[in-house]
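Here are a few strand-pairing exercises to work through with the model open. Try each task before you read its solution.

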Amino acid sequence: QVQLIESGGGLVQAGGSLRLSCEASGRASTAFTKGWFRQAPGKEREFVAAISVSGLLTSYSDSVKGRFTISRDNVRNTVDLEMNRLNLEDTAVYYCAAQKATIRAISANEDDYAYWGQGAQVSVSS
């Protein structure tokens, strides 16, 4: 199975930046659209960003568009999330996920993702 491991979480002041990285391994681990989701305390998990297999297509939630950038390196088999101008609403556990192989289009629906990382805590302080 595909294994996803997030890294780079931590505590950041509002207005600051943080970069998350997701390392993937396993059979055909590069052949998936990959995305980032987050879950704040007491809230449902929500879509953050996704990137196609080629890296040419990306999608962002309205709340992070213009502030976050998703990228991937299919040689290193990593997916990164550069987070800029962080605010208190960005505090959450961030999850890396790989989309189901049968779905070609980029999806913001967590039900369309088959593999998940363990999560990385991002805390933004005022």
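**Exercise 1.** Find which residue stands opposite Phe 37 in β5, then work out how β4 is placed.

Solution. Step one: Phe 37 faces Phe 47 across the β4-β5 pairing. This is a predicted model, where local features need pLDDT of at least 70, side-chain atom pairs count only at pLDDT 80 or more, and totals for chains, interfaces and linings use all residues. Numbering starts from 1 along each chain as its sequence is written, and side-chain values use heavy atoms, with hydrogens and water left out.

Step two: β4 (residues 34-39) and β5 (residues 46-51) run antiparallel, joined by five bridges. Strands here are DSSP E runs of at least two residues, numbered from the N terminus, and two of them pair if DSSP finds at least two bridges between them.

Step three: look at the turn. Six residues sit between β4 and β5 in this hairpin, and Gly 42 there has a positive phi of about 75°.

Step four: β4 also has six bridges to β9 (residues 92-99), again antiparallel; Gly 35 sits opposite Ala 97 there.

Step five: check burial. Five of the six β4 residues are buried (under 20% relative accessible area, 1.4 Å probe, protein chains only).

**Exercise 2.** Explain why β1 and β7 stand at the edges of their sheet.

Solution. Step one: write down the strand order, β1-β3-β8-β7, an open antiparallel sheet.

Step two: β1 (3-7) and β7 (68-73) each have a single partner strand, so one side of each lacks a neighbour in the sheet.

Step three: inspect β7's pairing. Six bridges link β7 to β8 (residues 78-83) in the antiparallel sense, and Ile 70 has Leu 81 as its bridge partner in β8.

Note on methods
Buried < 20%, exposed > 50% of the residue type's maximum accessible area, 1.4 Å probe, protein only. Helix = DSSP H or I, 4+ residues; strand = E, 2+ residues; numbered from the N terminus.
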